[in-house]
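Biologist: Before we discuss this chain, I should like each descriptive term to be justified. Could we place the model on view and take the terms in turn?

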Amino acid sequence: MRSRRQDCSVASSRPAPRRYETRTGDNHHHVVCRSCQAIADVDCAVGPSPCLTPSDDHGFVVDEAEVVFWGTCAACATQT
């Protein structure tokens, strides 16, 4: 879930705690570690657009889609 204020946005990714961002006003994504919940900013995705148009918008006027990449960070990967 994401909520916005003028000076920051709040990004929360399951099951991680809320993250307050000051990087606003641009189109960026996040990469999240499944093991330790570390989060890093990622510039806008490149290549084909992954599922950015909903099959049923339920009457919403969609003006934004979020992309979250999930995986294992380098620190956690070396522990396995």
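The exchange below takes up the terms used for this predicted model.

Biologist: What makes up the chain, and what pattern does it follow along the sequence?

Modeller: The chain has one helix and six strands. Read along the sequence, these elements follow the pattern β-β-β-β-β-β-α.

Biologist: How do you know that E4 and E5 pair, and in which sense?

Modeller: Two strands pair if at least two bridges are found between them. Strand E4, residues 28–33, shares five bridges with E5 in the antiparallel sense, so the criterion of at least two is met. Among the opposed residues, His29 stands opposite Val42 in E5, and the bridge partner of His30 is Asp41 in E5.

Biologist: Which residue takes a positive phi in the hairpin of E4 and E5?

Modeller: Gln37 does, with a phi near 70°. The hairpin has five residues between the strands.

Biologist: In what order do the strands of the open sheet stand, and what is the pairing called?

Modeller: Three strands form the open sheet in the order E5-E4-E6, and the pairing is mixed.

Biologist: Why are E5 and E6 said to stand at the edges?

Modeller: Strand E5 (39–43) and strand E6 (68–71) each have a single partner strand, so one side of each is left without a neighbour in the sheet. From one strand to the next, the twist averages 25°.

Biologist: Why is Val62 called partly exposed?

Modeller: Val62 has a relative accessible area of 43%. Buried means under 20% and exposed means over 50%; the value for Val62 lies in between, and therefore the residue is called partly exposed.

Biologist: Where is Val62 placed, and which residues does Val62 touch, not counting residues up to four places away in sequence?

Modeller: Val62 is in the loop between E5 and E6. With those sequence neighbours left out, Val62 touches Pro54 and Asp57; contact here means heavy atoms within 4.5 Å. As for Leu52, ten residues apart from Val62 along the chain, the C-alpha atoms of the two are separated by 9.7 Å.

Biologist: How many of the 80 residues, as a percentage, are buried, and what does the chain expose?

Modeller: Buried residues, those under 20% relative accessible area, make up 18% of the 80 residues. The chain exposes about 6,200 Å², of which carbon and sulfur atoms supply 53%.

Biologist: What share of the contacts with a separation of 6 or more joins residues 24 or more positions apart?

Modeller: Such residues account for 30% of those contacts in the chain.

How values were computed:
Residues are numbered from 1 along each chain as its sequence is written. This is a predicted model: local features need pLDDT of at least 70, side-chain atom pairs count only at pLDDT 80 or more; totals for chains, interfaces and linings use all residues. Side-chain values use heavy atoms; hydrogens and water are left out. Axes are lines fitted to C-alpha atoms, for helices over the stretch in contact, and angles run from 0 to 180 degrees between N-to-C directions. Buried means under 20% relative accessible area, exposed over 50%, partly exposed in between (1.4 Å probe, protein chains only). Accessible areas come from the Shrake-Rupley method with a 1.4 Å probe; for residues, only the protein chains shown count as cover.
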